[in-house]
Amino acid sequence: MINRNEPTTPPTASTRRSFLQMTGLTAGIVGISTPTAIANDETTTTTMTYELPPLPYEYDALEPTIDAKIMRLHHDKHHQGYVDGANAALESLAEMRQSGNFDDVKAVKRDLSFNLSGHVNHSVFWKSMSPDGGGKPNGELADAIDEHFGSFEGFKEDFSAAAKNVEGSGWGMLVFDHISNEPMVIQAENHNDIAVQGSTPLLVLDVWEHAYYLQYENKRGDYVDNFWSVVDWDSVAKRYETARNANVFDDC
Ligand SMILES: [Fe+2]
């Protein structure tokens with residue numbers, strides 16, 4: 001579950017409604033609770049906030065693939081930074097609506113996209129791995145991978161090449177494309193650039209240097225190759241099953 005705090009009520013008076021309409025696919029399928037319209041009256045307004053989810057295992061649980069120092073910094077500092085950044089952007093947008101001054105809207109919307117995408121990606125990343133991971137997928141996910149990529153090895157080659165060759169900081173991602181109803185391997189630069197709109201992340205690999213450099217130095221390829229030994233295929237399959245049954249673009 002990608003955490004989001006329940007709405008809180010700040011002391012400022014306003015008659016404006018404040019709500020965030022998450023891009024629905026990711027919100028519902030990956031586990032972000034879709035924000036609902038927030039009640040307000042003549043004296044209150046409300047603000048949504050996101051929250052850092054707990055790491056689903058101990059910091060050293062993925063050793064030797066990823067060491068504890070990286071995991072602690074990555075989760076507690078970097079992911080927290082994206083959560084804070086997303087919340088700050090939401091607060092700025094609420095203030096804009098309150099004041100009617102949208103002079104900074106472009107920069108703040110950019111901040112929201114970057115930081116909220118960082119929150120989503122990292123939340124899925126932690127769940128993409130397990131100390132009991134590795135091996136291959138089973139069942140319908142395995143069938144879909146075979147059908148779309150030719151074989152599991154073909155998929156691994158595609159995903160690994162995507163992750164190793166991200167320009168600068170970014171992600172290798174297996175997503176579910178709701179238009180074709182098929183899995184697809186994509187890259188994301190930073191957290192959100194060149195990603196595919198309306199797709200759901202199923203398996204993601206962070207290739208920002210903060211994810212591996214303290215252990216692997218400049219050997220991103222070794223980090224990507226070792227990642228396969230900790231992939232939690234049960235978790236990936238769960239997201240795949242939810243995504244493929246969502247039928248979100250049936251009316252499009
Ligand atoms: Fe990261």
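Guide: Two strands are said to pair if DSSP finds at least two bridges between them, and the strands themselves (E, at least two residues), like the helices (H or I, at least four), are DSSP runs numbered from the N terminus. What stands above is a predicted model, in which local features need pLDDT of at least 70 and side-chain atom pairs count only at pLDDT 80 or more, while totals for chains, interfaces and linings use all residues. Residues are numbered from 1 along each chain as its sequence is written.

Visitor: How many helices and strands does the protein have?

Guide: The protein has 8 helices and 5 strands, and from the N terminus on these elements run β-α-β-α-α-α-α-β-β-β-α-α-α.

Visitor: What makes β3 and β4 a pair?

Guide: Strand β3 (residues 170-177) and strand β4 (residues 182-189) are joined by 8 bridges, against the at least two that are required, so they pair, and they run antiparallel. Tryptophan 171 has alanine 188 of β4 as its bridge partner, leucine 174 stands opposite valine 185 in β4, and aspartate 177 is matched in β4 by glutamate 182. The hairpin of the two strands has 4 residues between them, and asparagine 181 takes a positive phi there, near 60°.

Visitor: Which strand besides β4 pairs with β3, and in what sense?

Guide: Strand β5 (residues 199-206) pairs with β3 over 7 bridges, in the antiparallel sense; in β5, the bridge partner of aspartate 177 is serine 199.

Visitor: In what order do the strands of the open sheet stand, and why is one side of β4 and of β5 left without a neighbour?

Guide: The open sheet has 3 strands in the order β4-β3-β5, with antiparallel pairing. Since β4 and β5 stand at the edges, each has a single partner strand, and therefore one side of each has no neighbour in the sheet. The twist from one strand to the next averages 25°, where axes are lines fitted to C-alpha atoms (for helices over the stretch in contact) and angles run from 0 to 180 degrees between N-to-C directions. Helix α3 (residues 105-127) packs on this sheet, touching β3 and β5, and its direction makes about 70° with that of β5; being in contact means that the C-beta atoms of two residues, placed from the backbone, lie within 7 Å.

Visitor: How do you know that β3 is largely enclosed by the rest of the structure?

Guide: A residue is buried if 20 or more other C-beta atoms, placed from the backbone, lie within 10 Å of its own, exposed if 12 or fewer do, and partly exposed in between. In β3, 7 of the 8 residues are buried, so the strand is largely enclosed. Of the 252 residues of the protein, 35% count as buried.

Visitor: Why does serine 169 count as partly exposed?

Guide: Serine 169 has 16 C-beta neighbours inside 10 Å, which falls between the two cut-offs, so partly exposed is the word for it. Its place is in the loop between α5 (152-164) and β3, and, leaving aside neighbours within four places in sequence, serine 169 is in contact with Asn190, Trp208 and Glu209.

Visitor: What is unusual about the phi of glutamate 217, and is this residue buried or exposed?

Guide: Most residues other than glycine have a negative phi, and most peptide bonds are trans. Glutamate 217, in the loop between α6 (213-216) and α7 (220-227), has a positive phi near 50°, and its 11 other C-beta atoms within 10 Å make it exposed. Asparagine 190 also has a positive phi, of about 55°, but with 18 other C-beta atoms within 10 Å asparagine 190 is partly exposed. As for peptide bonds, the one from glutamate 63 to proline 64 is cis, with omega near 5°.

Visitor: Why are α4 and α5 called roughly perpendicular?

Guide: Angles under 35 degrees count as roughly parallel, over 145 as roughly antiparallel, 65 to 115 as roughly perpendicular and the rest as oblique. The axes of helix α4 (residues 139-149) and α5 come within 8 Å and cross at roughly 75°, and they are therefore roughly perpendicular to each other. The contact is made by Ile145, Asp146 and Phe149 of α4 and Phe152, Gly154, Phe155 and Asp158 of α5.

Visitor: Where does α2 bend?

Guide: Helix α2 (residues 68-99) bends by about 35° at histidine 74, the bend being the angle between axes fitted to the seven residues ending there and the seven starting there. Among the buried residues of α2 are His74, Tyr82 and Leu90, and glycine 100, with a positive phi near 80°, follows the helix.

Terms used: The expected span of a helix is 1.5 Å times one less than its number of residues.
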